[in-house]
Structures are given as structure tokens and as C-alpha cells.
Amino acid sequence: MTQHSFGYAVAMMRQQPWSLWWIQARRMTTIEIRRNLFTRRAWWIYFLAFIPAVILLIHLLIDSHSGPGMSDDTEVLAGVVQLYYVRLGIFFGCLGIFSRLIRGEMIERSLHYYLLSPVRREVILLSKFFAGAVSAVVLFGAAMIADFVLMYADYGAAGWDFMLHGPGLGQLEAYLLIVVLASLGYGSIFLLLSLMFRNPMPGAMLLLGWEAINPVMPSLVQKFSVASYLRHLMPVSVPAEGIFALLTVETEPVSAWVAVLGLLALIALVLTYTCYRMRRLEIRYTTE
Amino acid sequence: MNAANDTIRFENVSKFYGEVLGVNRISLTVSPGITTLVGPNGSGKTTLMNLMTGLVQPSRGTISVLGLAPSNATEFFCNVGYCAQFDSFPRGLTGFQFVLDGLMLFGMSEEDAYHLTAEALDRVQLDGEASHRKIAGYSKGMRQKIRLAQAIAHHPRVLVLDEPLNGLDPMARAESLALFQELGRQGMHVVISSHILDEVDRISDRVVLITGGYLIAQGNIHEVRREVRDKPMQVLIRCNSPELLASKMFAVNHCVEARLHADGRGVFLRTGDIDQFYRLLNEIAVEGLVKIEAVAPADDNANAIYQYLIGSDGSAS
């Protein structure tokens with residue numbers, strides 16, 4: 001790009017109504033979060049998020065002090081995060097939240113109200129994405145904190161010391177980062193799939209399979225997987241055996257910041273293409 | 001003001017859904033006032049409206065509304081309101097919330113949005129109690145009203161209404177028509193598609209006839225009727241001696257049909273040459289044998305034009 005055209009692009013950027021877009025994005029996000037979290041249809045996502053917490057609570061109530069030691073429980077929690085949340089809970093939760101954002105409204109025949117509002121389609125899409133991400137992070141983040149507390153609460157003062165002053169807090173931070181990145185990563189992909197296909201489910205199942213076999217793929221191909229980045233952020237390695245080993249194996253060690261930036265770059269790439277699809281989207285409900 | 005900035009323009013617009021034709025080679029200019037789109041089901045009326053508002057994109061040609069394109073959403077939709085035919089709403093909202101949520105996206109203050117919401121609901125005569133109930137419990141007429149309220153709430157300059165009278169009872173229809181008329185008088189572009197031709201005909205400044213995706217005719221209803229030369233025009237003449245008038249008129253060969261009015265105080269006459277017809281009628285009036293009380297065209301309305309140009313089967317004739 002020449003200096004002149006770069007200057008022109010900067011001038012054009014400055015002329016855009018950023019403050020209006022910001023207000024619109026905030027208001028759309030509020031509306032969408034309300035729709036994502038406070039409807040009856042969201043109950044099964046609550047279920048996906050909190051089922052481990054419910055199981056841990058039952059253990060705490062009826063099976064107190066009879067379990068393994070704290071280090072074993074730390075591994076169990078790491079397994080819950082890596083094998084349940086990343087592979088199933090957040091995956092299907094995000095499928096439910098993000099594929100509904102656009103496609104769900106097309107099925108309900110109400111998307112046109114947004115497309116007839118004075119909001120740029122990119123702002124609509126990114127606001128919906130952000131609202132979906134906030135919804136997923138709130139649900140799964142809260143569930144993760146609940147799991148963490150329930151796992152160690154049984155150990156009394158030693159458990160609280162581990163959580164607040166020991167390595168527990170760092171592990172919780174890492175798990176929450178994984179929740180945020182998993183929600184953003186899977187969310188962006190499901191949003192794109194819902195724009196590309198009337199039924200995003202077959203695409204989601206393919207993605208699930210892809211994420212499972214990704215560790216045995218060549219290094220370059222591994223870059224196109226959400227779970228492969230998240231594996232590098234796990235604070236505790238999971239000693240899995242058999243088929244589960246495939247889901248937890250870390251083929252090529254990568255530093256945490258490279259994993260975070262890599263995943264964010266992947267998300268940005270997917271969202272850019274999704275914005276392009278959104279711009280060309282036509283309302284033809286009869287074909288839904 | 002530049003003419004392009006005050007009109008809705010279609011320039012050689014075509015829209016294909018795969019291999020299915022939506023509309024083909026439509027060139028059209030719509031001025032302020034009330035314009036009615038007339039055509040049978042599947043003729044392309046909704047496609048035309050969706051193209052106008054950017055819900056679908058043209059396969060060919062260009063569209064501008066007041067000089068704006070839908071891709072410039074911020075400015076475009078501040079000027080355009082569309083009450084689409086889709087009878088569906090976001091779940092769980094009350095009527096008030098639905099209109100308010102839409103207005104909040106304009107970036108206005110919450111106070112202004114509340115004020116405009118109340119005003120719009122008042123204009124469509126949806127009372128306060130009903131507007132605070134969930135839309136899911138609304139009757140079809142109430143849903144129609146709330147969609148109309150949402151389309152007009154931000155005071156657009158162009159209002160596009162797809163079958164806005166569907167589901168409304170006669171009283172609500174009359175109120176809606178009065179509202180459209182008022183908006184048209186204020187200089188707004190009101191584009192209506194409707195099957196209730198008799199009613200929209202009374203308020204329309206012009207009609208656009210469309211069938212099979214093709215534009216058949218456009219313009220003032222009377223002008224369009226005059227253009228349909230191959231169909232004899234029908235005139236109702238109120239007089240004291242309709243039989244005598246009919247016999248005199250039949251003396252000339254351009255009069256092709258006469259039918260007495262049900263009350264016996266008038267006659268419907270069909271003529272293939274309206275100018276000659278009126279000349280002869282003047283002569284008869286001057287003679288004084290028949291006392292003529294009123295003369296009115298009986299078939300230059302949207303309904304008759306629809307029948308003549310499109311036919312009851314929807315095929316252009």
C-alpha cells in the first residue's frame with residue numbers, strides 16, 4: 001500500500017461513525033445476552049455447564065472424605081476440563097448458543113428486523129458474536145469456578161489454602177482462560193457454519209471428529225484446530241490412557257502466549273470471513 | 001433537491017433465485033405519495049419490496065432509494081421503514097419492548113426511544129394495556145399493527161408496506177388507510193402491496209402492475225386505464241331516463257354495452273371511444289330530452305385495471 005492510499009484509508013476510518021457503532025453494538029449485545037441467557041431454550045446449556053458441578057456436589061454430600069487425595073483430585077479436575085468441557089460441554093454449548101444467533105433467527109423468521117435497522121451488518125454480526133461469547137463465558141466460567149470450589153472445599157483449610165494461596169488460583173486462571181478461548185474459538189466457527197449451512201449439525205460433527213484426530217495430523221494442519229491451542233494452556237497434564245490419550249496428547253510443545261495469539265488469529269480469520277458472508281446474506285425464509 | 005434524492009429508482013433490475021425468476025428488467029421511478037403494487041401471488045411484489053430494502057440483492061441492475069443504497073445501513077434505514085409480510089417476532093417480547101428495542105438501535109437516548117415508541121403505538125391505535133402484553137398472545141390484527149408501529153416509529157421518509165391490511169378488521173383497515181393517506185399527504189413515499197384493491201385504490205396516487213416478474217404498467221390509475229385502449233371503458237350516468245339515454249347512445253357504433261343500474265336511476269355504458277362518447281353525451285344533454293345528474297367512470301380503478309391487464313388467472317393479457 002502506498003503512503004497516499006494508506007493516508008486515505010486512515011482518513012476514511014476516522015470518518016466512520018464509530019461512536020454510533022459502539023452504542024449500537026452495546027445495545028444489541030444487551031438484547032442478545034437477554035435472549036441467550038434468560039429463555040427456556042437455554043436450560044440445556046445450563047445443564048451442560050453445571051452437570052459436573054452437580055456431580056461434584058453429590059459426591060461432596062454423600063461421599064465426603066472417602067475420595068482420593070488432593071493431587072489426584074487436581075488431575076480429575078484437569079480431566080474434567082480437557083475431556084468434558086473442551087471436548088463436549090463448551091463445544092455443544094457453543095453450538096447451541098452461536099448457531100442460534102443467525103440461523104435460529106432465520107428459522108424463527110425474525111432476523112429481518114435486525115437487517116432493517118440502521119446497523120451495519122458487520123456490527124450486527126460482531127455484536128451477536130460478542131453476546132454469544134459473554135453468555136458462554138458467564139455460564140461455563142461460573143460452572144468452572146463452582147467445580148473448582150466443590151472439588152477442594154471438602155479438604156477444609158488445606159483446600160482453601162490450595163485454592164487461595166497455593167497453585168490452585170493459577171490453575172483456576174488457566175482454566176478460565178481456556179473457557180474464554182474455547183468459547184471464542186468454537187463460537188466463531190459455529191457462527192460461520194450457521195451462516196453457510198441451513199443445518200450446522202453435520203458440520204459441527206465433522207469439526208468434533210477433526211478436533212479428535214487433529215493431534216496425529218502434521219504440525220501445519222494442527223494450526224486449524226481450537227483444541228490443539230487449548231491443550232498448550234492446560235496447567236495440569238492429564239494422564240489418559242487408550243483412546244483418551246489421543247485427546248490429551250501434546251504433540252509439539254508451544255508456549256502459552258503463542259497458543260493464545262495463534263488461536264486469536266484463527267478466530268479473527270474466521271470472523272472476517274463470517275462478516276463477508278453476513279454482508280451477502282439474503283432473507284429468503286421460504287428456503288429455511 | 002436533486003430528483004434522484006427524492007425518488008425510488010429501479011434501473012433495469014432483475015432478480016433470479018437460482019433458476020427461478022423473481023423480477024425481470026424492472027425500470028421504475030417512484031415519486032412521493034402513495035404507490036400501490038398490484039399483482040397476483042408470486043408476481044414479484046414482495047421481491048420488489050425486498051430489493052428496495054436490501055433484504056435481497058439484485059442479480060442485475062441498480063436500485064437507489066432517495067439516492068441511498070441499503071449497503072449504507074446507517075443512513076438508509078434512518079430514512080426507510082419496512083413492514084414486511086413475515087408474521088413472526090423475536091420471542092418473549094411485549095409489543096412495547098419490540099418497538100423500543102428497534103428504536104434503541106438508532107443510537108437515540110432511552111427517553112427519546114420511549115417517547116417515539118408511545119407515539120407510534122398511539123398512531124396505530126394499539127392501546128397501552130395491549131402493548132405491554134407479550135406479542136405471542138396477540139391477534140393477527142394486533143401483530144399487524146405492532147409491525148406497522150415498528151416500521152413508522154422512527155419517522156422514515158419512505159414506508160414500504162407488504163400487505164399491511166391483512167388480518168385487520170374493517171375498522172382497523174379504515175384507520176390504517178387514513179394513516180397511510182396522512183403520511184402520503186406529508187410528502188412521504190408510501191409503497192403498498194395489497195390484495196384489497198378496492199380500499200387501497202381510494203388512497204393511491206399511482207399503481208404499479210406487475211405479473212410473472214414483469215412490469216406491466218405504472219402511473220396514475222386514470223392514465224393507466226386510458227392506456228388500456230383495447231378494453232372499452234365503462235361509464236355510469238345518473239339520469240332521469242336511463243332507457244332513453246341507452247337507446248340514443250346505441251345509435252353510435254362505439255357503444256358496445258349498456259346495463260341499467262339496480263336502482264333504475266342510472267345506466268352503465270361501455271364505449272370503445274371515450275372522446276366521441278363524451279361529445280355525444282354533451283349533445284344529448286343540450287337537447288334536454290334526458291336530464292343528466294352525474295357522470296362517473298365506472299372501471300378506471302385498480303381492480304378493473306388488474307382484471308383487464310392481468311386477468312383473474314394472474315396471466316398478463
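**Two interfaces: between domains and between chains**

The centres of domain 1 and domain 2 of chain B, taken over C-alpha atoms, are 39 Å apart.

Author: This is a predicted model; local features need pLDDT of at least 70, side-chain atom pairs count only at pLDDT 80 or more, and totals for chains, interfaces and linings use all residues. Residues are numbered from 1 along each chain as its sequence is written, while chains are lettered from A and ligands numbered from 1 in the order in which they are written.

Reader: Where do the two domains of chain B lie in the sequence?

Author: Domain bounds come from an automatic or database domain assignment. Here, domain 1 of chain B covers 3-219 and domain 2 covers 227-306.

Reader: How many residues does each domain of chain B give to the contact?

Author: Two residues are in contact if their C-beta atoms, placed from the backbone, lie within 7 Å. Domain 1 of chain B gives ten residues and domain 2 of chain B gives six.

Reader: Which element gives the most to the side of domain 1 of chain B that touches domain 2 of chain B?

Author: Helices (H or I, at least four residues) and strands (E, at least two) are DSSP runs, numbered from the N terminus. Helix 8 of chain B gives the most, with four residues. Strand 3 (33-38) and strand 8 (206-211) of chain B are among the elements that give two or more.

Reader: And how many residues of chain A are in contact with chain B?

Author: 24 residues of chain A meet 24 residues of chain B. On the chain A side, helix 2 (18-37) and helix 5 (111-115) each give two or more. Helix 2 of chain A gives the most, with six residues.
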